[in-house]
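Here is a colleague's note on the model shown below. Please read the points alongside the coordinates.

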Amino acid sequence: MTGGFGGKTRASAHFPFAAVVLVALIGFLRIAMQHWRQGSVLIGVALVLAAVLRALLTNEQAGLLAIRSRAIDILLYGGLGVVIVVVAMTITRGPF
């Protein structure tokens, strides 16, 4: 099945976004299983993955990951992802 844009399937534009959402959902699942540090790191990794995919793919290939300009998307996805990973790894004691 081909879409109306360049002969590619419409679903192929959603694969990068689906990969990021899948990693984030696994992170949320780990948090729900009381492994908050691992889950938080996975959520941060999902954002870093979004930054990498946004840097490597064209606007059309990035699909739903392309929200703003490429530079802003990479900066925000990557920056927030790194901050989440660093904070999750540096907290030594939690409420449990």
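The points below go from the overall fold to the core, one helix and one loop residue.

1. Status and fold. This is a predicted model. The chain contains four helices and zero strands, and the order from the N terminus is α-α-α-α.

2. Burial and surface. The chain has 96 residues, of which 25% count as buried. Its accessible surface is about 6500 Å², with 74% of that belonging to carbon and sulfur atoms.

3. Contact range. Taking contacts between residues at least 6 apart in sequence, 53% link residues that are at least 24 apart.

4. Nonpolar core. Which residues make up the largest nonpolar core? The set has 11 members: Val20, Ala24, Ala46, Leu47, Ala50, Ala51, Leu53, Leu57, Ala62, Leu65 and Tyr77. At least two residues of this core come from each of H1 and H2. H2 contributes the most, with five residues.

5. Leu57. This member of the core can be followed through its contacts. Leaving out residues up to four places away in sequence, Leu57 touches Pro16, Ala62 and Arg70. Of these partners, Ala62 is listed in the largest nonpolar core as well.

6. Helix H4, length. H4 covers residues 70–90, which is 21 residues. From its first C-alpha to its last it reaches 30 Å, close to the 30 Å expected at 1.5 Å a residue.

7. Helix H4, two sides. Asp73, Tyr77, Gly78, Gly81 and Ala88 are the buried residues in H4. They lie on the same side of H4 because they cover an arc of only 105° around the axis. Ala71, Leu75 and Thr90 are exposed on the other side of H4. The cover over the buried residues of H4 includes H2. Tyr77, one of those buried residues, also belongs to the largest nonpolar core.

8. Gln34. Where does Gln34 sit in the chain? Its place is the loop between helix H1 (15–32) and helix H2 (36–56). Gln34 has a positive phi of about 70°, although it is not a glycine. This deserves a remark because most residues other than glycine have a negative phi. Is Gln34 buried or exposed? Its relative accessible area is 56%, and the cut-off for exposed is over 50%, so Gln34 counts as exposed.

9. Points to look at together. When viewing the model, H2 can be taken as the supplier of five core residues and as part of what covers the buried residues of H4. The loop with Gln34 comes between H1 and H2, and each of these two helices supplies at least two residues of the core.

Key:
Residues are numbered from 1 along each chain as its sequence is written. This is a predicted model: local features need pLDDT of at least 70, side-chain atom pairs count only at pLDDT 80 or more; totals for chains, interfaces and linings use all residues. Side-chain values use heavy atoms; hydrogens and water are left out. Buried means under 20% relative accessible area, exposed over 50%, partly exposed in between (1.4 Å probe, protein chains only). A nonpolar core is a set of buried Ala, Val, Leu, Ile, Met, Phe, Trp, Tyr and Cys residues joined through side-chain atoms within 4.5 Å. Contact means heavy atoms within 4.5 Å. The expected span of a helix is 1.5 Å times one less than its number of residues. The arc is that of the directions from the helix axis to the C-beta atoms. Accessible areas come from the Shrake-Rupley method with a 1.4 Å probe; for residues, only the protein chains shown count as cover.
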